[in-house]
Amino acid sequence: MKTIAERYNSLAGAYIKLSDEFHQLDVAHMNLKQKLLPAIKAIKTYQSLTHQLQQDNAHLEQTIQALTDQQQRLKEEQRTLEAKEVEQSITINTLTEEKTNLQATLEAFQTKYKALANFEVLLQSEPQAVLAEAEQQMALVEETLQEIALNSDPDLSEDEQQLIEAYQDEDESLFIAMEISKDSNSLKVPNILPFVA
């Protein structure tokens with residue numbers, strides 16, 4: 001039976017031999033990769049060229065189909081144009097008649113325009129400006145009326161609004177007091193108005 005030292009020596013020798021073979025195999029593998037690299041590049045280029053040729057071929061087929069369709073459309077358009085020429089000849093005759101009718105209508109409109117020419121002054125800038133200003137004023141009045149409908153005293157506090165309401169409740173008394181004030185020519189506020197500050 002081998003001793004432990006002999007076993008270790010045998011194992012170490014096998015490991016060194018295996019390491020040398022692995023190193024040689026790695027070098028051979030690297031050399032093989034270096035040799036295969038140009039072939040891989042060539043295959044890649046060939047694949048790219050093949051793909052490009054397939055795309056070009058498909059594009060050419062589409063172009064040929066489009067040209068064929070266009071040629072067919074042109075033939076149909078030519079037949080359509082020939083039919084339209086006949087229609088246009090008929091249309092020209094119809095339009096000539098309509099032109100005569102329109103000229104008669106135009107003359108009638110011109111007569112009516114002369115009658116309405118005096119109203120052109122309303123289209124000038126000054127009347128238009130006056131009209132625009134009036135419209136703006138009316139818009140402001142409508143807006144004010146809407147605000148009054150919602151709140152007739154928006155700037156007053158709640159206490160002041162209550163005071164005004166009380167004052168309005170005493171409207172009849174105020175009218176009598178004002179009559180008395182006019183008769184006596186006095187500027188004093190009568191004592192009948194308890195809510196006036």
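**Exercises on a predicted helical chain**

In this predicted model, the accessible surface of the chain comes to about 18,300 Å², and carbon and sulfur atoms account for 59% of that area.

**Exercise 1.** Determine which secondary structure elements the chain holds and in what order they run.

*Solution.* Begin with the count: the chain has four helices and zero strands. Then read from the N terminus on, where the order of elements is α-α-α-α. Finally, turn to burial: of the 197 residues in the chain, 3% are buried, where buried means under 20% relative accessible area.

**Exercise 2.** Compare the span of helix α1 with that of a straight helix of 113 residues.

*Solution.* Helix α1 covers residues 4–116. At 1.5 Å a residue, a straight helix of 113 residues would span 168 Å. Between the end C-alpha atoms of α1, however, the span is only 133 Å. Next, examine the course of the helix: α1 has a kink of about 30° at Leu36, shortly before the proline Pro38.

**Exercise 3.** Establish where in the chain confidence is highest and where it is lowest among the helices named.

*Solution.* Take the whole chain as a starting point: its average pLDDT is 80, and 81% of the residues score at least 70. Confidence is highest in α1, with a mean of 89, and lowest in helix α4 (residues 171–184), with a mean of 60. For residues 186–197 the pLDDT is below 50, and this stretch has ten contacts in the model beyond near neighbours in sequence. Where pLDDT is low, the predicted coordinates should not be read in detail.

Methods
Residues are numbered from 1 along each chain as its sequence is written. This is a predicted model: local features need pLDDT of at least 70, side-chain atom pairs count only at pLDDT 80 or more; totals for chains, interfaces and linings use all residues. Side-chain values use heavy atoms; hydrogens and water are left out. Helices (H or I, at least four residues) and strands (E, at least two) are DSSP runs, numbered from the N terminus. The expected span of a helix is 1.5 Å times one less than its number of residues. The bend at a residue is the angle between axes fitted to the seven residues ending there and the seven starting there. pLDDT is the predictor's confidence in each residue, from 0 to 100. Contact means heavy atoms within 4.5 Å. Buried means under 20% relative accessible area, exposed over 50%, partly exposed in between (1.4 Å probe, protein chains only). Accessible areas come from the Shrake-Rupley method with a 1.4 Å probe; for residues, only the protein chains shown count as cover.
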